[in-house]
Amino acid sequence: ITSVVTQVAGTAGQLLTAGGTLADATNGAPAVFMAMEAFTAGGTAPVCTGGMVFDASAPFNGGEQQYLGDAGAVTALTNRSFFQQIGVATDTRTMAFSLVPSNPEITELRAIVDFLLANAGAPSFYETLAGLNTGHRMA
């Protein structure tokens, strides 16, 4: 748990960038934090990078992967040009999440696999892997 100076106003549960703006899949702004309370522009928001979210009004389906949406939202939709897996819904009101990638190459690979699974007509998995930078050792 830490805090970040916010550039915009928002609510608890919204995803934020390292610069304090709303994370956004359409604009390719990755999520680094989740706000733990409502926040104001120019204020300081308590944030975290992982845990369990309980939302009585959340549209979760248990077992469904959750991704970065637009304007700091979490979504199950994968029809986006920028993919960031946020977590997994454990039931209809709870999501386990982690915004800390264990390895950048694995995070990139996970995004590619998610894209391939979500998009008919995408290049084959092996063709996509061949396009990755293989100079790094996968841990």
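In the predicted model, strands S8 and S9 form a hairpin, with four residues lying between them. Strand S8 covers residues 85-89 and strand S9 covers residues 94-98. The two pair in the antiparallel sense over three bridges, and within this pairing Gly87 stands opposite Phe97 of S9.

The hairpin belongs to an open sheet of five strands, ordered S5-S9-S8-S6-S7, with antiparallel pairing. Strands S5 (50-54) and S7 (74-75) stand at the edges of this sheet; each has a single partner strand, so one side of each is left without a neighbour in the sheet. S5 is joined to S9 by five bridges, and these two strands run antiparallel. In this pairing, Gly50 has Ser98 in S9 as its bridge partner. On the other strand of the hairpin, S8 is joined by three bridges to strand S6 (residues 65-68), again in antiparallel orientation. Here Tyr67 stands opposite Gln85 in S8. In a regular strand, side chains alternate between the two faces of the sheet.

A further open sheet is formed by four strands in the order S1-S4-S3-S2, and its pairing is antiparallel. Its edges are occupied by S1 (2-5) and S2 (15-16); since each has a single partner strand, one side of each is left without a neighbour in the sheet. S2 runs antiparallel to strand S3 (residues 33-35), to which it is joined by two bridges. One of the residues involved is Leu16, whose bridge partner in S3 is Phe33.

Note on methods. Residues are numbered from 1 along each chain as its sequence is written. This is a predicted model: local features need pLDDT of at least 70, side-chain atom pairs count only at pLDDT 80 or more; totals for chains, interfaces and linings use all residues. Side-chain values use heavy atoms; hydrogens and water are left out. Two strands pair if DSSP finds at least two bridges between them.
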